[in-house]
Amino acid sequence: MLDEITIWLNKQHIWLQEAAHQILASKELSETVIYELADIIKNQSTFDKKGELFPAIKTAHDNKVNLLSLGPVVGIDKLNSEKPLDLEKENLSVVYGQNGSGKSSYVRIIKSICGKFHGSNLISDVYSPPPPKQSCSIKYSVNDESPQEIEWIANSESITDLSTTDIFDAENGSIYIEKETEVTYLPPELSFFEELVDVCEKIRIVLNNEEQKLVSALPEIPERLQFTLLAKEYNALKHNISQNEIDKLVLFSESDEKTMASLKNRLSTDDPILAAKKQNEIKGQIENIKTIIQETLNTVNNESINNIRQKLEIFKQKRKNADEGASVLNSVSKLDGIGNETWRVLWEAAREYSSTNAYAGKEFPNIEKDALCPLCHQKLDDDAKIRLQMFESFVKGSLELEAKKAETAFLEIIENLPDCPTEIILASMYQAAGLDDTITQEISNVLSNVRITLENLHKKDIPDVSPVDISCTNQLLEKLSSLSIEAETSAIQFEEDASTFDREKAQNELLELEAKQWISQQKKAVEVEIKRLQEIEKYHVWKKQTETGKITREASELSEKFITTAYVSRFNDELKKLGASKITVELVKTRGEKGRSKHAVRLKNLVAKDIMPKNILSEGEKRIVSLAAFLADVTGHNANTPFVFDDPISSLDQEFEEKTIERLIELSKNRQVIVFTHRLSFLGIIDDKAERTGVTPNIIHISCEPWGTGNPGDVPIYGQKTKEALNKLKIERLPQAKKVFESKGSEAYYPLCKAICSDFRIILERIVENILLSGIVLRHRRDVQTKNKLIKLLVIEKSDCDNIDGLMTKYSFHEHSQPPEAPVFIPEPIELDTDLANLIKWHEEFQRKQKNA
């Protein structure tokens, strides 16, 4: 067996191998060792093997234990005796007493002392006030060493030395019939598996405690969102969730936000048609703003500015050319500045005045006779006329015309520049378009730059490049386009909602989006929770290593091989020894649990299924089968510890009763056997059968007295051996009666003598059965035993018959009422003493004759 266990163990996890070595190295593993084993599981560390795997193991079953006395008992049930039960005299003790004499009370005490009482606590006499204490004195020995005497306090811890005592009573017997049981004794090599299971359980508790400290800090989702699909995902996070799944769960996109806003808007709208109209208006306003931005932007972009700058440069160049051409006039002019802009304005004004007022209808300049200067009104001399004609030729010359044309082209561009809306107008447009502060600020920033640029252009202050960031402006226009599309989409949706709108579906969609938004806000908490779940999964993997199934399976296989087969064989042998082989039952292995195999008594050869023995067997059959199962169980180890039986022959017929008594006598040859019984027939049968096997039973009689139960006393006369009973009458009871006779007279003597005569008559009957007829035929016994006994009848002589017959007749008178005219008086002490002495002498002589026959 050890080789098989070693091979199995070497295939197990490192920590389990270490646990095995620790178990075999010490009686009980400390808490520190349990934590170290748990660390080995978590860290998968190794250990150094020390010593052989299975050293010699000594268990409590190897000790010889004897229960020497029980009592006195104080305050438990109705027991109240100053004398103990003396169990020391013989290996077989029979405690006899009628119902209610205290037998079961003693058994309950023994079960409690041995740690096998699983009912409620021992109680005191319920008909009397509670006693100051409850206790029982007990004396026992271990390995025949000096006896130990202990005053055991009721309901305190059991006595370890007595824990191997095997006890059979009605309660224990029913367990073997009605329930699954485990063998009481396991070889140390197999009980080692139980200890491994216990270690696994302790380590599992350690790991469980550590796991429970990993408390979730995940916020609870709001109640109104609890029933959304996303809430279920959130509440069912797993350790193996992928990163993509995490991102999907905690991401709340801009699109989701827009959809949520749209749903809220749709759900809050009572008139979808009106809402659609409003969305279309919003779209229109957004498009207007876009147009303003685009139009103004087109006038201040680099291309437009370059065009304006080019026009200005052309104009300047043309004017320069014209001015240079006008410089030839300086030779005929008396003043400087001819041809400059001021001069041209003055010349054009003179032209206008002359053509419309002074000389209407005449060519300018008018140089006719007596013509006057339109500016100074002086008469023109010939030099003046020539100068005026030269000035006009200059103005109407190609250089001047090109300069004017270039100027006109430049001024037209400047005059056609668009006006930028004021902030007040823009604010109104923003409000109508439903734009938020962020985007309105962006628009204002762009248009502010455009406005400044336009003002500078009007001032002919042309920048080198456009001050407007075109890329940012394009992004702004994209945002506005997106908002325009959203408004248009909303308008379309509202128009559809006007005809078909599933409000409940929309509400559910909104809740899902709100749940998604809320979960996205718990991203860090979700990540922490997943890490916690991953840690918990590690504990699950570690705890899986502590599952006891593999241990139970191995123990079950070994148990099947080394325990179950032997257990079943012992059960069948016990059935034979108890004369119950004809009862169709068998002991079977049912299952394994935590390193232990479970067995149960089952009916065999059944046609119907699932019929339990308790539903079929008679009370007597159940009793004898349960007794067989009990004995098969507790005799699995050659222990030398006490057996205690409480009414083992209850419900048994005479055949089963005799077989049970024979088995108890056989057991007493190797182990102490203590039997509690109320059956008088039990005393007669056990006395007869024990005598034939050389066993002397220690008969103890207990009685119920006015002050309480459980009082040990003499065995009733009908339960004693005939010679012993005669000596007791002669030596103990007759002297007491004689003393009363001599001190108090006949009247006080009468009841004592009458009782002695009655018992003397009973002893005579038993002498006839057991001595004269050699026990061939006995009351309360079924069989007639003739082997080696018939020959003894040959020693009977007429004198023997006359002697017994005479005494039977003499002492029968005292068992019946007497006639008034011829009463029979009780014998005086001297006469009674003579009869007892003669019968004792005859008893000894007759037995000698029988022995020599």
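Q: Buried means under 20% relative accessible area, exposed over 50%, and partly exposed in between (1.4 Å probe, protein chains only). Which of these classes does Glu348 fall into?
A: The model is predicted, so local features need pLDDT of at least 70 and side-chain atom pairs pLDDT 80 or more, while totals for chains, interfaces and linings use all residues. Residues are numbered from 1 along each chain as its sequence is written, and side-chain values use heavy atoms, without hydrogens or water. Glu348 has a relative accessibility of 29%, and therefore counts as partly exposed.

Q: Which residue meets Glu348 in a salt bridge?
A: A salt bridge puts a side-chain nitrogen of Lys or Arg within 4 Å of a carboxyl oxygen of Asp or Glu. Here the N to O distance is 3.5 Å, and both residues lie in helix α12 (residues 341-358), three residues apart, about one turn of the helix. The partner is buried, with a relative accessible area of 17%. The partner of Glu348 is Arg351.

Q: How many helices does the protein have?
A: Helices (H or I, at least four residues) and strands (E, at least two) are DSSP runs, numbered from the N terminus. Twelve strands are found in the protein. The number of helices is 27.

Q: What percentage of the residues in the protein is buried?
A: The protein has 853 residues. One helix with buried residues is α19 (residues 523-545), where they include Val526, Ile530, Leu533, Ile536, Tyr539 and Trp542. Charged residues buried in α19 include Glu529, Arg532 and Lys543. For the whole protein, the buried share is 44%.

Q: Which helix gives the largest share of the largest nonpolar core?
A: Such a core is a set of buried Ala, Val, Leu, Ile, Met, Phe, Trp, Tyr and Cys residues joined through side-chain atoms within 4.5 Å. The largest one has 43 residues, and those with the most contacts inside it are Phe571, Val585, Ile624, Val625, Phe630 and Phe645. Nine of its residues come from one helix, residues 619-634, which is α21.

Q: How many residues are in the other core, which includes Ile305 and Tyr430?
A: In the largest core, Val585 is among the residues with the most contacts. Beyond its neighbours within four places in sequence, Val585 is in contact (heavy atoms within 4.5 Å) with Phe571, Leu575, Val601, Arg602, Leu603, Lys604, Leu617 and Val625. Apart from this core lies another, with Leu426 and Ile439 also among its members, and its residue count is 34.

Q: How many residues apart in sequence are the parts that Glu514 and Arg224 tie together?
A: The side chains of Glu514 and Arg224 form a salt bridge, at 2.6 Å from N to O. Glu514 is in helix α18 (residues 503-520) and Arg224 in the loop between α6 (188-212) and α7 (229-235), so the bridge joins separate parts of the sequence. Glu514 is buried at 13% relative accessibility, whereas Arg224 is exposed at 54%. The separation is 290 residues.

Q: Which helix holds the salt-bridge partner of Lys810?
A: Lys810 pairs with Glu831, the closest N and O atoms being 2.6 Å apart. The pair links distant parts of the chain, 21 residues apart, with Lys810 in helix α26 (residues 798-812) and Glu831 in residues 829-852. Lys810 is partly exposed at 27%, and Glu831 is partly exposed at 36%. The helix that holds Glu831 is α27.

Q: How many salt bridges does a search of the whole structure find?
A: Some of the salt bridges share partners and join Lys283, Glu287, Lys290 and Glu488 into one network. Over the whole structure, the number of salt bridges found is 39.

Definitions and conventions: The expected span of a helix is 1.5 Å times one less than its number of residues.
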